[in-house]
Amino acid sequence: MTAPAPLKSAIRPGLAPGVRLSFDKARDCWVVLAPERVLVPDETALEILQRCNGSRPVDEIVDELASVYNADRGEIAQDVEDMVSDLIAKRILVG
Amino acid sequence: MSGAANPTPPLAPPLAALLELTHRCPLQCPYCSNPIELERAKGELSTDEWRRVLDEAAELGVLQVHFSGGEPTVRRDLPELVAHARRIGLYSNLITSGVTLDRARLAVLAQAGLDHAQLSIQDVDHQTAAHIANHPGVQGKKLAFARWVREIGLPLTINAVVNRHNVTRVERMIDLAVELGAVRVEVAHVQYYGWALRNRAALMPTLEQVQEATQRVEAARARLRGQIVIDYVVPDYYARQPKSCMGGWGRQFLNITPSGEVLPCHAAQTIPGLVFDSVRHKPLAEIWTSSAAFEAYRGTDWMPEPCRSCDQREVDWGGCRCQALAITGSAAAADPACALSPAHQEMRSLAEAASAAPAPDFVYRRVTPQEIPAKVAAATR
């Protein structure tokens, strides 16, 4: 497996066409609905996904999460970048 | 939760429902997933009935609905059904042959809230595609349809069905999907139930062809990472481990036929003795939780050895019931795709013998099947 290309912190990730983030009443959780895929994001992933609206750069999302959770910016940046680049490769997000 | 009577966890709701709106279709592919006994138009559920089924599905916890067929777009009320699905929060996918809609009618579906379109292709080669679908000019129509999907802004999946006539061109089919702007391509070897079982000898590739195709798909995956999602369905006849068919019988998925019968999988009607409930007579939630057909092979209680004591029993759920039936004559046997099944070698030999012989003519999918050669009829039991 080749590692994904490093993510540019200026990209503005958003849900790819055909992908919806919605609340599932029957299971009482958030789900990502995509072609032939249903993903159940964990708490961290959900916090990130809810901020991926296509207009906010990755940098800004990292800043906000670091401040909301009073956490180390470097660690948050790693989490966000890993997840965003993985979901871009899976066509769940576009950047 | 305690007590020996009910050791299994509570039943989760289904994730997805495949809605066969009709069995009518202009194509006659010899591997069609519809049953041999096709349902007639006059028995189809009405618009109101389908709307009620959508409501019941959403209420039950279904997240995604696949409008399928036959060819679902021959139903004139499809835009109404798509709009209704959208209104109640269901994710909707159109599974289509792409030969019946014009651009304007596709735009109406997108406007109604369709989330995604899935277009099947028979090949990249126009002549073979026309031969497989028994429909002259089929490829040109499909290419035009794919362009409209992209122009209108809908995400597109290409579904390429692999068999001995096109197996050498899997890579070109993937490249075509990229060219058409698809977000996803499903490269699926034929699964041998129903029509495909009847046409097994006409469709089965050799082991070498399958291995070559698998390598090419892997190479394409590495080459196209981030550009397109490639899902690959391997052929059971050459497998060593069974697939987790439908994610387990009655665990994630249900299928509704044109007249409203609710099935655990689209081929379940091949299993003798199963009784299916209809949405015309019972609420969908009740069918999901307690219909005899869903209960028959749900969980692990029904399993014989070698499944019963296997550490994979809750991974593959015993594989595919319809395949067990087709090969061993018993739907409750272990899936012969598993190397631990006593019928594993028999299945492999069937594939090797079929693929080594010259391909017979197709028995095309039609409402009134042509006479079937006696030898094939025997092979399909």
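Radius of gyration, as I use it here, is taken over C-alpha atoms, and the rule for a globule is 2.2 Å times the number of residues to the power 0.38.

**Entry 1: chain A, overall**

I started with chain A, keeping in mind that this is a predicted model. For 95 residues the rule puts a compact globule near 12 Å, and chain A comes out at 13 Å, which agrees. I then looked at its extent: the C-alpha trace spans about 35 × 30 × 25 Å along the principal axes. Burial was next on my list, and 24% of the 95 residues of chain A count as buried.

I went through the secondary structure and found three helices and five strands. Reading from the N terminus, I wrote the order down as β-β-β-β-α-α-α-β. Of the contacts in chain A with a separation of 6 or more, 52% join residues 24 or more positions apart.

**Entry 2: chain B, overall**

I gave chain B the same treatment. A compact globule of 381 residues would have a radius of gyration near 21 Å; chain B has 20 Å, which agrees. Its C-alpha atoms fill a box of roughly 60 × 50 × 45 Å along the principal axes. I noted that 50% of the 381 residues count as buried. My list of elements for chain B has 14 helices and nine strands. Residues 24 or more positions apart make up 72% of the chain B contacts with a separation of 6 or more.

**Entry 3: how confident is the predictor?**

For chain B I noted a mean pLDDT of 93, with 94% of its residues at 70 or more. Residues 1-7 of chain B are another matter: their pLDDT is below 50, and the stretch has zero contacts in the model beyond near neighbours in sequence. For the complex, the predictor gives an ipTM of 0.86 and a pTM of 0.91.

**Entry 4: where the chains touch**

I checked how many residues each chain brings to the contact: 17 from chain A and 19 from chain B. On the chain A side, strand 2 (20-24), strand 3 (29-34) and helix 3 (73-89) each give two or more residues. Strand 2 of chain A gives the most, with three residues. I sorted the chain A side by type and got nine nonpolar, three polar and five charged residues.

**Entry 5: helix 1 of chain B**

I picked helix 1 (residues 47-60) of chain B for a length check. Its 14 residues should span 20 Å at 1.5 Å a residue, and the end C-alpha atoms are 20 Å apart, which agrees. Which residues of this helix are buried? I found Trp50(B), Val53(B), Leu54(B), Ala57(B) and Ala58(B). They cover an arc of only 130° around the axis, so they sit on the same side of helix 1 of chain B. I recalled that an α-helix has 3.6 residues a turn, so residues three or four places apart point the same way.

Next I looked up what these buried residues pack against: strand 1 (16-20), strand 2 (64-68), helix 2 (78-87), strand 8 (253-256) and helix 10 (284-290) of chain B. Just after the helix, Gly61(B) takes a positive phi of about 120°.

**Entry 6: helix 13 of chain B**

My second helix was helix 13 (residues 344-356) of chain B, where 13 residues reach 19 Å from first C-alpha to last, close to the 18 Å expected. Its buried residues are Met347(B), Leu350(B), Ala351(B), Ala354(B) and Ser355(B). Seen down the axis, they fall within an arc of 115°, so they line one face of helix 13 of chain B. They pack against helix 8 (200-203) and helix 12 (321-328) of chain B. On the face turned away from the buried side I noted exposed residues, including Gln345(B), Glu346(B) and Ser349(B).

Notes:
Residues numbered from 1 in each chain as written. Chains lettered and ligands numbered in written order. Predicted model: local features only at pLDDT ≥ 70, side-chain atom pairs only at ≥ 80, totals over all residues. Helix = DSSP H or I, 4+ residues; strand = E, 2+ residues; numbered from the N terminus. Expected span 1.5 Å × (residues − 1). Buried ≥ 20, exposed ≤ 12 C-beta atoms within 10 Å, placed from the backbone. Arc of directions from axis to C-beta. Contact = placed C-beta atoms within 7 Å. Nonpolar A, V, L, I, M, F, W, Y, C, P; charged D, E, K, R; others polar. pLDDT = per-residue confidence, 0-100.
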